[in-house]
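Please look through the model below with its nucleic acid strands in view, and then follow the paragraphs that come after it. They turn to the surfaces beside the DNA and then to the packing of helices.

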Number of protein chains: 2
Amino acid sequence: MPQKKTTPPDATPAGRLVEARLHHVLGYQLAQATIATTVVYMNEVGEPFELRPVEYTILSLINENPDGSSAQLAQALAVTAPNITMWIDKLEGRGLVQRTRNETDKRAQHLRLTPKGTALVVQATEKLLVGEREALSHLSDGERTILIELLHKVARNRPGKK
Amino acid sequence: MPQKKTTPPDATPAGRLVEARLHHVLGYQLAQATIATTVVYMNEVGEPFELRPVEYTILSLINENPDGSSAQLAQALAVTAPNITMWIDKLEGRGLVQRTRNETDKRAQHLRLTPKGTALVVQATEKLLVGEREALSHLSDGERTILIELLHKVARNRPGKK
DNA sequence: TATTGTTATACTCTATAACTATA
DNA sequence: TATAGTTATAGAGTATAACAATA
């Protein structure tokens, strides 16, 4: 396999491929960074807790927004309603989430974590934060903070679907 | 639907859900930001060119690394080899990519864009850059640059799979 | 034996449409 | 009529295993 000895200035982390124009495409850099955080997630939370990324996020959002609706979750995660139903089914089946009927509007429902679910989320989040901090030790605290805030700023004015 | 009128300081862009601890999980912020860039991608490139994100990235990487191998692509994109084969099949079928036999190592192959493929990538990238710039107009030039560089830094020392 | 790339196949995840029960 | 949530179903995407050809 022909492989240059000298690594060019712009290279993908693992593939050693030049990425001149692509470098400035935010979506591409997000995808590349996500590969790194996904590895951390799988090692720290995904495999040990048998929890998919979506499941973890759903649990976290329910935890921090008790009695929210599944419609809110669907919008926050940009997934369809049937999808949310399926995931909540799974999480409820594992005794992590509880559905309760909304008494003022009987179509809707409140979502809440069980004590087991709460314990799991807290533990998972701690492991994640520690794991990410280790994996990103080549970034300073300031850089990590700025990165988080800039990403949040990008996400905040999320455009409409079209 | 019970909905607070005042938006809390930390909220998901669309779902208006609080995200206190989750806020500091990089993987979560990456996913949220990706929702925003995906909308831009689909509008600017995905739908008009009928090109999936992976396909666009593959074309871009081939364009900027002529005669690279599919094994390199697989590693750069963190996808499996059979997957790459499938995508290259599709792209070759559309006359965008060309496979050529490596004469020194007959197992391997060189990947190259056709003129049609090159034209498409260039055009798509321009549209993407403009579209992202518009969608992210609430970020300054400096902020966008910093964001890109920090993401690149995260991706650069991507950890191994385990 | 190891590696590049492919084929075959099954599985996960997601999306669309149609349904229910409330409003 | 419209909305919250569900069910049913099909499709997209991905991974694993087994294989062929070459090193």
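A polar contact is here a pair of N or O atoms within 3.5 Å. In this model, which is predicted, such a contact joins Trp87(A) to DNA strand C, where a polar side-chain atom of the residue lies 3.3 Å from a phosphate oxygen. Chain B also reaches the phosphates of this strand: an N or O atom in the side chain of Thr85(B) is 2.8 Å from a phosphate oxygen of DNA strand C, while Gln109(B) uses a backbone N or O atom, placed 3.2 Å from a phosphate oxygen of the strand. The elements that contribute two or more residues to the surface near DNA strand C are α4 (81-93) of chain A and, from chain B, α3 (70-77) and α4 (81-93). Of these, α4(A) provides the largest share, with 4 residues.

Taken as a whole, the surroundings of DNA strand C consist of 20 residues, and the closest are Arg52(A), Lys106(A) and Arg107(A) from one chain and Thr85(B) and Arg99(B) from the other. Sorted by class, this surface holds 7 nonpolar, 7 polar and 6 charged residues. On the DNA side, sugar or phosphate supplies 66% of the strand C atoms that lie within 4 Å of the protein, and the rest belong to bases.

What, then, surrounds DNA strand D? There are 20 residues around this strand, the closest being Thr85(A), Arg99(A), Arg107(A), Arg52(B) and Lys106(B). Of the atoms of DNA strand D that come within 4 Å of the protein, 71% are accounted for by sugar and phosphate. Among the polar contacts to its phosphate oxygens, a polar side-chain atom of Arg52(B) lies at 2.8 Å, a backbone N or O atom of Gln109(A) at 3.3 Å, and an N or O atom in the side chain of Trp87(B) at 3.5 Å. At least two residues of the surface near DNA strand D come from each of α3 (70-77) and α4 of chain A and α4 of chain B, and α4(B) gives the most, with 4 residues. The classes on this surface number 7 nonpolar, 7 polar and 6 charged residues.

Helix α4(B), which has a part in the surfaces near DNA strand C and DNA strand D, also packs within its own chain. Its axis comes within 11 Å of that of helix α2 (residues 53-64) of chain B, and the two cross at roughly 80°, which means that α2(B) is roughly perpendicular to α4(B). From α2(B) the contact draws on Val54(B), Glu55(B), Ile58(B), Leu59(B) and Ile62(B), and from α4(B) on Ile84(B), Trp87(B), Ile88(B), Lys90(B) and Leu91(B). By class, the residues of this contact divide into 8 nonpolar and 2 charged, with no polar ones.

A further packing of helices joins the two protein chains. Helix α1 (residues 26-49) of chain A and helix α6 (residues 141-156) of chain B have axes 8 Å apart and pack at an angle of about 30°, so α1(A) is roughly parallel to α6(B). Their crossing is left-handed. In α1(A), the residues Leu26(A), Gln29(A), Leu30(A), Gln32(A), Ala33(A) and Ala36(A) meet Leu147(B), Ile148(B), Leu151(B), His152(B), Val154(B) and Ala155(B) of α6(B). The contact of α1(A) with α6(B) comprises 9 nonpolar and 3 polar residues, and no charged ones.

Conventions. Residues numbered from 1 in each chain as written. Chains lettered and ligands numbered in written order. Predicted model: local features only at pLDDT ≥ 70, side-chain atom pairs only at ≥ 80, totals over all residues. Heavy atoms only, no water. Near = heavy atom within 4 Å. Polar contact = N/O pair within 3.5 Å; in protein donor to acceptor, adjacent residues only side chain to side chain. Nonpolar A, V, L, I, M, F, W, Y, C, P; charged D, E, K, R; others polar. Axes fitted to C-alpha atoms, helices over the stretch in contact; angles between N-to-C directions. Parallel < 35°, antiparallel > 145°, perpendicular 65-115°, else oblique. Left-handed = near helix turned anticlockwise from the far one by under 90°. Contact = heavy atoms within 4.5 Å.
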